[in-house]
Amino acid sequence: MKDLKLKALIKEENRIGDVVEINFSRGECIVGFGDPNEDNPEGWGGYASQGYLLSEVELLEWTGLLDRNKKELYEGDIVEYTRSDIASSNYGMKSKHRIFFENGGFMIEFPTNYGTTCGLDLRVYNRSCKVI
């Protein structure tokens, strides 16, 4: 079983931080920003946290997978996908896609030629992706 890890998308600010704490009884989420291992001039570390109402954030779940650079992939991430099928005329072509959850699995959203989208199984294609 994979660990449950969450990030939070702050809707109005359009930025993502680490979920530090969720308090469902108060309806709030504490979100951390920055690098906890980095020093700042005040000596507090490079990490700051802030409280938000749960209605102000969208929780993004870790997929349990890593990209080709060994960076964690989260639901909602935008990834650069590089075609790796050598037999295709599109070999090496790069494109940007969003990770989403559907029917019990994480997918990479791809547009079709018919104006709709389809999902490619992230478990198969995660090593062809890079978080951007």
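In the predicted model, cysteine 29 has a relative accessibility of 0% and therefore counts as buried. Cysteine 129 is likewise assigned to the buried class, its relative accessible area being 0%. A search extended over the whole structure returned zero disulfides.

The strands E8, E9 and E10 can be described together, since E9 takes part in two pairings. Strand E9 comprises residues 105–111 and is mostly covered, with five of its seven residues buried. On one side of the description stands strand E8, residues 94–102, which pairs with E9 in the antiparallel sense over four bridges. Within this pairing, isoleucine 99 is found opposite isoleucine 108 of E9. The two strands E8 and E9 form a hairpin in which two residues lie between them, and asparagine 103, located in the turn, adopts a positive phi of about 50°.

The second pairing of E9 involves strand E10, residues 117–121, and is again antiparallel, here over five bridges. Glutamate 109 has glycine 119 in E10 as its bridge partner. The hairpin built from E9 and E10 has five residues between the strands, and in this hairpin glycine 115 takes a positive phi near 80°.

Glutamate 109 also appears in the analysis of charged side chains, where its side chain meets that of arginine 98 in a salt bridge with an N to O distance of 3.2 Å. This pair links distant parts of the chain, arginine 98 belonging to strand E8 and glutamate 109 to strand E9, with a separation of eleven residues. With regard to solvent, arginine 98 counts as partly exposed because its relative accessibility is 33%, a value that falls between the limits of 20% and 50% that bound this class. Glutamate 109, with a relative accessible area of 24%, is also classed as partly exposed.

Across the model, the count of salt bridges comes to eight. One of them joins the side chains of lysine 5 and glutamate 72, with a distance of 2.5 Å from N to O. The two residues of this pair are 67 residues apart and connect distant parts of the chain, lysine 5 lying in the segment before strand E1 (6–10) and glutamate 72 in strand E6 (residues 72–74). Lysine 5 is partly exposed, as its relative accessible area is 29%, and glutamate 72, at 25% relative accessibility, is assigned to the partly exposed class as well.

A further salt bridge is formed between glutamate 80 and lysine 130, for which the closest N and O atoms are 3.8 Å apart. Because glutamate 80 is situated in strand E7 (residues 78–82) and lysine 130 in strand E11 (residues 129–131), the pair ties together parts of the chain that are 50 residues apart in sequence. The two partners fall into separate accessibility classes: glutamate 80 counts as buried at 14% relative accessibility, whereas lysine 130 counts as partly exposed at 27%. The assignment of glutamate 80 follows from the cut-off, because buried means under 20% relative accessible area. Glutamate 80 and lysine 130 are, together with Arg68, joined into one network by salt bridges that share partners.

Conventions:
Residues numbered from 1 in each chain as written. Predicted model: local features only at pLDDT ≥ 70, side-chain atom pairs only at ≥ 80, totals over all residues. Heavy atoms only, no water. Buried < 20%, exposed > 50% of the residue type's maximum accessible area, 1.4 Å probe, protein only. Pairing = 2+ DSSP bridges. Disulfide = S-S within 2.5 Å. Salt bridge = Lys/Arg side-chain N within 4 Å of Asp/Glu carboxyl O.
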